[in-house]
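Subject: Structure for your files, with notes

Hello,

Here is the structure I said I would pass on. My notes follow below it.

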Amino acid sequence: MNFLQSALRSLTMTKPSPEALVESLRRAIAAAEDALAASATAADGADYATLSRVAADGRNPQAAAASQRLDRVGGELRAVKNALLGGGAPVAATARPHGDESVSSARSSGTSEEDAGDQREAGELARMACEGDLLMVVAGHLRVMGFEARKDAVLIFNNLLKAETAGCSAVDRVCADDAAVLAALLRGYDTQEIALNCGAMLRECLKHEAPTRAVLNDAYFWKFFDLVSVNNFDVASDAFTTFKDLLVRHQDIAVDFVDSNYDKFFEHYKLLLTSDNYVTRRQSLKLLGEMLLERSNFPVMTKFIASADNLKLVMNLLLDNRKNIQFEAFHIFKIFVANPNKTSSVKSILLKNRDKMIAYLSDFLTDRDDEQFQEDRGVVLEEIQDLE
């Protein structure tokens with residue numbers, strides 16, 4: 001191979017910089033957004049899946065051209081993913097300030113020059129996530145991405161979220177600019193095709209306190225009470241997983257929120273407990289039991305079990321014809337019974353229904369192979385019998 005051939009080969013093998021990769025991704029997204037808007041009427045819908053179906057039949061050149069632009073976004077995302085992960089290695093949790101790594105230091109630690117280059121690329125992308133809008137570029141345009149591209153977007157986003165620089169972290173960025181990144185992810189639940197991807201990224205954010213606090217205080221939070229019951233089972237399940245993370249992962253934050261919004265929260269929550277949807281009813285009952293039995297939730301628990309209306313609701317659920325509903329309701333009912341400081345209205349209801357409850361609980365789920373439950377059932381029976 002002569003010198004010219006070698007030089008040309010080296011030139012063609014030069015990898016684009018992280019900045020160039022992200023800029024190419026921006027241009028691809030902008031072109032795809034324009035194409036999607038222009039072909040919305042022709043494709044009878046402005047989303048990737050619809051456009052791809054129209055393009056596939058070969059009868060709509062405009063849709064076919066737009067579909068190609070959307071496919072380009074996937075290619076640009078793969079390039080960013082490869083630069084970030086360096087062929088499979090996860091991005092470092094901490095990205096040093098730009099230019100801090102050197103080939104010589106990499107060599108001294110036994111790392112090859114090529115690996116050092118990969119680390120620098122990943123570090124630069126991490127810096128762009130911490131100090132720029134790379135997270136929004138990835139998370140805010142899922143509707144112009146296909147199935148595989150959206151999976152790449154989730155992988156990129158969740159890895160970038162671990163990044164930190166001397167000045168800030170990627171987690172800080174998702175809360176910056178009026179939490180625009182979080183808002184984009186939350187509103188992603190409104191579009192079925194991207195809901196699960198947005199949910200996966202959102203839950204990665206919720207591992208941290210600041211994003212959790214921001215989401216709880218966003219007006220969109222209240223929409224979760226509807227999302228957990230939508231007809232699409234996958235979306236409903238994903239939304240409930242996110243809903244649960246918001247309420248149990250960071251207890252102090254969640255308790256402050258629920259306690260401060262007690263009336264509104266339980267006005268919404270009771271609709272879940274009485275839902276016609278069995279899965280919604282069971283999941284919400286189980287979650288409520290977990291919340292009330294959590295020690296840090298004492299202020300909320302005290303308010304809840306002071307209410308005669310809440311007791312009536314739980315007693316009705318205890319009589320449900322589904323055994324799993326009965327089981328979850330029992331774990332809440334026992335808190336009312338075990339409370340040594342029952343309100344007069346709660347105590348009155350228990351006394352009024354004492355004989356019926358004793359008869360019912362004496363034969364209540366006796367076939368359930370659960371030693372702790374059977375022990376709790378015995379204690380509850382004794383407490384009810386001893387009521388005066």
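E371 and E382 are exposed, on the other side of helix α23 from its buried residues. This is a predicted model, so please read everything here with that in mind. The buried residues of α23 are F373, D376, R377, V380, L381 and I384. Seen down the axis of α23, these buried residues fall within an arc of 140°, so they line one face of the helix. The general background is that an α-helix has 3.6 residues a turn, so residues three or four places apart point the same way.

The length of α23 can be checked too. The helix has 15 residues, 371–385, and at 1.5 Å a residue it should span 21 Å; the C-alpha atoms at its ends are 21 Å apart, which agrees. At the start of α23, a side-chain oxygen of D370 comes to within 3.2 Å of the backbone nitrogen of Q372. The cover over the buried residues of α23 includes α20 (323–338) and α22 (354–362).

Helix α22 can be described in the same terms. Its residues M357, I358 and L361 are buried. Viewed down the axis of α22, the buried residues fall within an arc of 100°, so they line one face of the helix. D355, K356 and A359 are exposed on the other side of α22. Covering the buried residues of α22 are, among others, α19 (308–318), α20 and α23.

Helix α20 is part of the cover for the buried residues of α23 and also for those of α22. One residue to look at there is Q326, which lies in α20. Is Q326 buried or exposed? Its relative accessible area is 11%, and as the cut-off for buried is under 20%, Q326 counts as buried. Leaving out residues up to four places away in sequence, Q326 touches L317, L318, D320, N321, Y360, F364 and L365. With D320 there is a polar link: the side chain of Q326 reaches the backbone oxygen of D320 at 2.5 Å. Q326 and L285 are 41 residues apart in sequence, while their C-alpha atoms are 9.7 Å apart in space.

A second buried residue with a polar side chain is N158, in helix α9 (residues 147–160). Its relative accessibility is 14%, so N158 counts as buried. Not counting residues up to four places away in sequence, N158 touches A200, M201 and E204.

Next, the aromatic rings. The count comes to 25 aromatic pairs. In one of them, F221 and F224, the ring centres are 6.4 Å apart and the planes are at 45°, so the pair is tilted. Both F221 and F224 are buried. Y262 and F266 form another tilted pair, at 4.8 Å centre to centre with 50° between the planes. Both Y262 and F266 are buried as well. They are 4 residues apart in helix α16 (residues 262–273), so about one helical turn separates them.

Two residues in helix α10 have backbone angles to check by eye. D177 has a positive phi of about 55° although it is not a glycine, and it is placed in α10 (residues 170–187). D178, also in α10, has a phi near 60°, again a positive value in a residue other than glycine. How accessible is D177? At 58% relative accessibility, D177 counts as exposed. D178 counts as exposed too, at 80%.

Last, the totals for the chain. The secondary structure comes to 23 helices and 0 strands. Of the 388 residues, 48% count as buried. Among contacts between residues at least 6 apart in sequence, 69% join residues at least 24 apart. The chain exposes about 19400 Å², and carbon and sulfur atoms supply 49% of that area.

Regards

Conventions. Residues are numbered from 1 along each chain as its sequence is written. This is a predicted model: local features need pLDDT of at least 70, side-chain atom pairs count only at pLDDT 80 or more; totals for chains, interfaces and linings use all residues. Side-chain values use heavy atoms; hydrogens and water are left out. Helices (H or I, at least four residues) and strands (E, at least two) are DSSP runs, numbered from the N terminus. The expected span of a helix is 1.5 Å times one less than its number of residues. Buried means under 20% relative accessible area, exposed over 50%, partly exposed in between (1.4 Å probe, protein chains only). The arc is that of the directions from the helix axis to the C-beta atoms. Contact means heavy atoms within 4.5 Å. A polar contact is a pair of N or O atoms within 3.5 Å; within protein, one must be able to donate a hydrogen and the other to accept it, and residues adjacent in sequence count only if both atoms are side-chain atoms. Accessible areas come from the Shrake-Rupley method with a 1.4 Å probe; for residues, only the protein chains shown count as cover. Rings of Phe, Tyr and Trp (its six-membered ring) pair if their centres lie within 6.5 Å; planes under 30 degrees apart count as stacked, over 60 as edge-to-face and the rest as tilted.
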